[in-house]
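Visitor: I would like a close look at one part of this model, taken slowly and with the reasoning spelled out. Please choose a single place to begin and then connect it to its surroundings.

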Amino acid sequence: MGLLRLLVLAVLASERSTAGGAETVGNSSQGFLEFSVGKFRYFELNRLFPEEAILRHISSNVTFLIFQIHSQYRNTTLSFSQTLLPNTSGTGNDKGLVFILRPEQSMCTWYLETTDAEPVQNVAIPLSYSERDPIPGGCNLEFDLDIDPNIYLEYNFFETTIEFAPANLGYARGADPPPCDVGTGRDFRWRLQYDVYQYFLPENDLTEDVLLQHMQRMVQVPEVKANAVKLVTLTADDKTRVSFSSLRGQGVIYNVIVRDPFLNTSAAYVPAHTYACSFEAVEGNCASLGRVSTKVFFTLFAMLGLFICFFGHRFWKTELFFIGFIFMGFFFYILVTRLTPVKYDVRLILTAVAGTIGGIFLVATWWRFGVLPLCMLCVGLVLGFLTASVTFFTPLGNIKVFRDDGVFWVTFSCIAVLIPVVFMGCLRILNILSCGIIGSYAVVLAIDSYMYTSLSYITLNVLRRALHTDFHRAFTNVPFQNNEITLQIRRERGRPFFPPHPYKMWKQERERRVTNILDPSYHIPPLRERLYGRLTQIKELFQEEQPAGERTPLLL
């Protein structure tokens, strides 16, 4: 019975350690961190207590290993030896090392440490590959490691760029590695292909546990293909450098799978992740996105947009101010950003002033001249701009031909102009659609200043392309959601398509009052007398009532 009990306990402990593909936290009895091939392990690193990782019982058909370790934003150092050397160690939050096994070798070790003052939570895993599998980073000529399987990631406000070293063909234990740059035939590394994958973390979730959990889906080749989106395939003739649109506050994991189409084998690089923001910055960190000026500007903009969304067609002049504000503000912001070194807050204030002037000008143009087609052209162009932005927000925008700025802007302009041309015969529908779509999108922009939302990048990507000369090479892969518009069409049924010309109405009213003495409005006092009467009534409200004394009813 005692032996049977021990056997049951051993089985339960084994199930617990392998559940979910991750092992339990803790050191082995010898003081090492024990690892198994293909099994994740969570552990915590402290600055004063470096750890030694050990992998035993390596199969004889394994020719090389990739040991990788991941943390959220604090750095960890991974090394082959206790003495840190540039070509045998790496430091970062997504790091890995390739270990080429010697003949008869069945055990290997790595050394882990951190220089951060706070404890660092990590997840690590060793992966094994055979001699037929390509070696990620096996032809490294740019980075410090001799064989570098890592993806190097950089980001700024506009774009996120990943770069990796070319791979090499696999080879048996004890054999010499194939040459990297001798020939370009099918017997050399030039036959290899690289698939670049992108995986989005849950929106508005910056927790460490979520990152480490989802990172497990981007480590091994089958999981990467099943969970991530393949954006591009590179050949050995292409540069191993790919750019993406930066998604500030949105967690993204990138990985590259190198394939050998001749042997039908593949291997994965070490994945890299980013939030396109800093967790340790004092101002504008990942937890508090958006400046105060941005929040104020877009909150006021969204309040006006929400009103336009539901009542824009009824309040025609308010809508024209809204459209004029967008029209002038957008172009002014691009000009002041590209031509002057003014700070962001000042640019935003100047944009608000310019937009206000543009809105007033469009309202004044309508009031004085009443040219409906001209005003509706402005409305249609703004809706066309948003339509063109949505078009290039889809996978169509990632087509290679649109990497050329000339082709992109000509196509973009044609789509924007096409919208008012198509709807010129039904201006009322055009105006109601514009109110609903543009007004609701103004609310989306305001939400983005407080928390991440992917819809804001519909227009933000176009703005980035207008401001940043290298943004044309970036992939813009973000999901899109639809907006519904039905309220205004139902509410405006049976009403005139558009309000009458204000200046003409004012002239007709003035002539009618002058010529028609029977009109009650003819006897309305002048404006000065009416204002004086109003002031007198207001003064009487603040005067004390005088006693009237005794009052006697009138006897008839």
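**The cysteines and what lies around them**

Guide: Cys108 has a relative accessibility of 3% and therefore counts as buried, the cut-off for that class being under 20%. Please keep in mind throughout that this is a predicted model, so the accessibilities, distances and angles that follow are values computed from predicted coordinates. Cys426 makes a useful counterpart to Cys108, because its relative accessibility of 33% puts Cys426 in the partly exposed class, which lies between the 20% limit for buried and the 50% limit for exposed.

From these cysteines one can turn to the bonded ones, and a search of the whole structure finds 2 disulfides. One of them links Cys139 with Cys180, the two sulfur atoms being 2.0 Å from each other, and the angle of -90° about its S-S bond makes the link left-handed. Cys139 sits in the loop between strand S10 (120-129) and strand S11 (151-155), and Cys180 in the loop between strand S12 (159-164) and strand S13 (193-200), so this disulfide ties together parts of the chain that are 41 residues apart in sequence. Cys139 itself is buried, since its relative accessible area is 5%.

The other disulfide joins Cys277 to Cys286, with an S to S distance of 1.9 Å, and here the angle about the S-S bond is 115°, which gives a right-handed link. Both partners are on the buried side of the cut-off, Cys277 with a relative accessible area of 7% and Cys286 with 4%. If the bonded cysteines of the chain are numbered in sequence order, the pairing reads 1-2, 3-4.

A further set of cysteines brings us to the helices, for Cys309 of helix H4 and Cys435 of helix H9 are both among the residues through which those two helices touch. The axes of H4 (residues 292-311) and H9 (residues 427-448) come within 7 Å and cross at roughly 155°, and because angles over 145 degrees count as roughly antiparallel, H4 and H9 are described in that way. Their crossing is left-handed. On the H4 side the contact is made by Phe298, Thr299, Phe301, Ala302, Gly305, Leu306, Ile308 and Cys309, and on the H9 side by Cys435, Gly436, Gly439, Ser440, Ala442, Val443, Leu445 and Ala446. Sorted by class, these residues comprise 11 nonpolar and 5 polar ones, with no charged residue in the contact.

H4 has another packing partner in helix H5 (residues 316-339), whose axis is 10 Å from that of H4 at an angle of about 140°. That angle falls outside the ranges for roughly parallel, roughly antiparallel and roughly perpendicular, and therefore H4 and H5 count as oblique to each other. The crossing of H4 with H5 is left-handed. H4 contributes Phe297, Phe301, Leu304, Gly305, Phe307 and Ile308 to this contact, while H5 contributes Thr318, Glu319, Phe321, Phe322, Phe325 and Ile326. By class, there are 9 nonpolar, 2 polar and 1 charged residues where H4 meets H5. Phe301, Gly305 and Ile308 of H4 appear in the contact with H9 as well as in the contact with H5.

Away from the helices, Leu231 in strand S14 (residues 229-235) shows how a strand residue can be placed. With a relative accessibility of 19%, Leu231 counts as buried, because the limit for that class is 20%. Leaving aside residues up to four places away in sequence, Leu231 touches Val196, Gln198, Phe244, Phe475 and Asn477, and the C-alpha atom of Leu231 is 9.5 Å from that of Pro395, although the two residues are 164 apart along the chain.

Two loop residues complete the tour. His57, in the loop between strand S4 (51-55) and strand S5 (64-70), has a phi near 55°, a positive value in a residue other than glycine, and is exposed at 74% relative accessible area. Glu104 lies in the loop between strand S8 (94-100) and strand S9 (108-113), and its phi near 70° is again positive in a residue other than glycine; at 76% relative accessibility, Glu104 counts as exposed. Strand S9 starts at residue 108, which returns us to the buried Cys108.

For the wider setting, the chain has 13 helices and 19 strands, and 44% of its 556 residues count as buried. Of the contacts with a separation of 6 or more, 74% are between residues 24 or more positions apart.

How values were computed: Residues numbered from 1 in each chain as written. Predicted model: local features only at pLDDT ≥ 70, side-chain atom pairs only at ≥ 80, totals over all residues. Heavy atoms only, no water. Disulfide = S-S within 2.5 Å. Helix = DSSP H or I, 4+ residues; strand = E, 2+ residues; numbered from the N terminus. Buried < 20%, exposed > 50% of the residue type's maximum accessible area, 1.4 Å probe, protein only. Axes fitted to C-alpha atoms, helices over the stretch in contact; angles between N-to-C directions. Parallel < 35°, antiparallel > 145°, perpendicular 65-115°, else oblique. Left-handed = near helix turned anticlockwise from the far one by under 90°. Contact = heavy atoms within 4.5 Å. Nonpolar A, V, L, I, M, F, W, Y, C, P; charged D, E, K, R; others polar.
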